[in-house]
Amino acid sequence: MEKKWWKESVVYQIYPRSFKDSNGDGIGDINGITEKMGYLQELGVDVIWLSPVYQSPNDDNGYDISDYQAIMEEFGTMEDFDRMLAAAHEHGLKLVMDLVVNHTSDEHPWFVESRKSVDNPYRDYYIWRPGKDGKEPNNWGSCFSGPAWKYDPQTEMYYLHLFSEKQPDLNWDNPKVRQEVFDMMNWWLDKGVDGFRMDVISLISKKPDLPDGPVGINGYASFNEPANGPHVHEYLQEMREKVLNRKETITVGECSGVTLEEAKKYASSDGKELNMVFQFEHMDVDADANTKWTDKKMDLRDMKEVLTRWQKGLEDIAWNSLFWENHDQPRSISRYGNDSPEYREVSAKMLATCLHMMQGTPYVYQGEELGMTNVPFTSIDQFRDLDSINAYRELVEEQKVFTSEEMMRYLRYKSRDNARTPFQWDDSENAGFSTGTPWIMVNPNYKEINAKDQLEREDSVFHYYQKLIRLRKEQEVIVYGTYDLLLPDSKEIYTYTRTLGEEKLLVVCNFYEPEVSFEMPEEFIGGTCLISNYPEVSLKAEMTLRPYEAFVIKK
């Protein structure tokens, strides 16, 4: 297998609004990130992925961009950004920008022009259509509830917005749009950034006739209906030629609605498009058939089936991204582990072991390395996330699909705001995030869960992550070895091997609280334990795995 630095890297995602506030206005900022570079270096990560810091009216927390070449005023200045980029490089860290180019803000100058008249030069920068039978042009739904079309009285037509109505979709079929995007990307590369995480990049190419799709619980077709459109690979190959090949970059595409077969094209080792993709199949194992709003727990066998299919499916063809959390997902420990005080740390370590030992590039979301948990929200007024607020309005107030109590339960389990509360730096007021009033509530458990405490404790979740990251640097088999699942039918144990030549690892994880018996494969009896989440591990032929126990053995 071809060796690449980005295969051997660990990426750390920063959500700037919630990471560190340097000026007391309650909002995290760029200077706050610069201040904490030493922390990231100590953790051992290689790459920072920065959620959007561009100028934005903040309808969707920065994913609605009004100027791609300016910094959001709340976050600081371009000079602050340049200092942060230099500091990252001084600390041996690469910086990846979040590239949001499926859509812009409706306040972007291109869209302001586009909506003025049907013959405006910028009209074709976006997707405009006449209505059909007095209604929207098709039945596509927005990711944030309601239809994906907004009627604009100025020209008596509808524009497409797969996300908020303040996020009109760009028309990538227009070569001028593509060139504008490529010029902007080159501007950032010239500034010194090291690559891009590409937001919903699988949606940029729509079928020309914009056909209706199958209808879901809210009466609309999924916003993913346009995913993997007819020209998406052609446009990404053009991006590779005009931008990405100019320097050594790292690229990951967020590909909602991606299939394994499509991923092989997006992230093929031939290097024509992207280095890797984010797929979300494993994020749907605890969803109902037609909605994510539920608090049902996953069946581990489903999780193993999905992750194994991607591990084996991309083997020698493309490259996996490994993640449990990001800014769009709740906290993994509350979702797949156990966030009670008794088992919080041991289950956080178990989840980390399971993921970091797979083949692919691991992504750590801020606070995940501390075992940060979901948040005990009590009222819809405490939420800031458009997705959560709109879903509550639509499913409780308008359609009465759920009661208020049910929906609050689902939001506490699945809302994106669970991952967006301030980073817990220490046990001082506001968890050391800000001297002002934070833009969103701080998780009240910050006195128990914070970086200051964990940096001081050798047995902390932080130090466990540090060791996992270090092991990737020391053990080539973790990066390049093949993956093979054992015990596919076990409801409690996730165990697999990694093999590279004569080297072989066994990874064993008990996903639940009850003890469970485990028979050690003969070839690993007498092996060396590389890492474990309990202080003492007794490696015998017949073992009893303790609650959430995890270990890795090298034969």
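Let me start with E523, which at 39% relative accessibility counts as partly exposed, in what I should say at once is a predicted model. E523 forms a salt bridge with K555, and the closest N and O atoms of that pair are 3.4 Å apart. The two residues come from distant parts of the chain, since E523 sits in the loop between β17 (516-519) and β18 (528-532), while K555 belongs to the segment after β20 (550-554), 32 residues apart. K555 is likewise described as partly exposed, at 49% relative accessibility, and that value falls short of exposed because the label requires a relative accessible area over 50%.

Now to a second pair, E254 and R197, whose side chains meet in a salt bridge at 3.2 Å, N to O. This one too links distant parts of the chain, with E254 in strand β10 and R197 in strand β9 (residues 195-198), 57 residues apart. Are these two residues buried or exposed? E254 counts as buried at 7% relative accessibility, and R197 counts as buried at 2%, so each lies under the 20% limit that defines the term.

A third pair is E113 with K116, where the closest N and O atoms of the salt bridge are 2.8 Å apart. Here E113 is partly exposed, with a relative accessible area of 26%, and K116 is partly exposed as well, with 42%. These pairs belong to a total of 47 salt bridges in the structure, and I would also point you to the network of salt bridges that links D60, D328, D385, R416 and R420.

Let me turn to the annotation. The UniProt record, in an unreviewed entry, places the feature "domain: Glycosyl hydrolase family 13 catalytic" at residues 13-420. In the model, the end C-alpha atoms of residues 13-420 lie 12 Å apart, and the span is 31% helix and 12% strand.

One residue I would like to look at in more detail is T249, found in the loop between α7 (232-242) and β10 (250-254). With a relative accessible area of 5%, T249 is buried. What is T249 in contact with, once its neighbours within four places in sequence are left aside? The list consists of W5, W6, L189, D194, G195, R240, L244 and N275. One of these, L244, offers its backbone oxygen to the side chain of T249 at 3.4 Å. To give a sense of distance across the model, T249 and P547 are 41 Å apart in space, C-alpha to C-alpha, and 298 residues apart in sequence.

Next, the helices, beginning with α9 (residues 300-314). Its 15 residues should span 21 Å at 1.5 Å a residue, and its end C-alpha atoms are indeed 21 Å apart, so the helix agrees with expectation. The buried residues of α9 are L300, M303, K304, V306, L307, T308, W310, Q311, G313 and L314. As a reminder when reading such a list, an α-helix has 3.6 residues a turn, so residues three or four places apart point the same way. The packing partners of the buried residues in α9 are α8 (260-266), β12 (321-322), β14 (482-486) and β15 (493-500). Just after α9, D316 adopts a positive phi of about 65 degrees.

Helix α11 (residues 344-356) has 13 residues and reaches 18 Å from its first C-alpha to its last, which is close to the 18 Å expected at 1.5 Å a residue. It is mostly covered, with 13 of its 13 residues buried. Helix α10 (residues 332-335) contains S332, which counts as buried at 3% relative accessibility. Apart from neighbours within four places in sequence, S332 is in contact with W324, E325, G337, L351 and E368.

Finally, a sheet. What is the order of the strands in the open sheet of three strands? The order is β6-β8-β7, and the pairing is antiparallel. The edge strands are therefore β6 (128-129) and β7 (149-152), each of which pairs on one side only. Two bridges join β6 to strand β8 (residues 157-160), and these strands run antiparallel. For a specific position to find on the screen, the bridge partner of R129 in β8 is Y158.

Notes:
Residues numbered from 1 in each chain as written. Predicted model: local features only at pLDDT ≥ 70, side-chain atom pairs only at ≥ 80, totals over all residues. Heavy atoms only, no water. Helix = DSSP H or I, 4+ residues; strand = E, 2+ residues; numbered from the N terminus. Expected span 1.5 Å × (residues − 1). Buried < 20%, exposed > 50% of the residue type's maximum accessible area, 1.4 Å probe, protein only. UniProt positions renumbered as here; feature names shortened; annotations may be inferred. Contact = heavy atoms within 4.5 Å. Polar contact = N/O pair within 3.5 Å; in protein donor to acceptor, adjacent residues only side chain to side chain. Salt bridge = Lys/Arg side-chain N within 4 Å of Asp/Glu carboxyl O.
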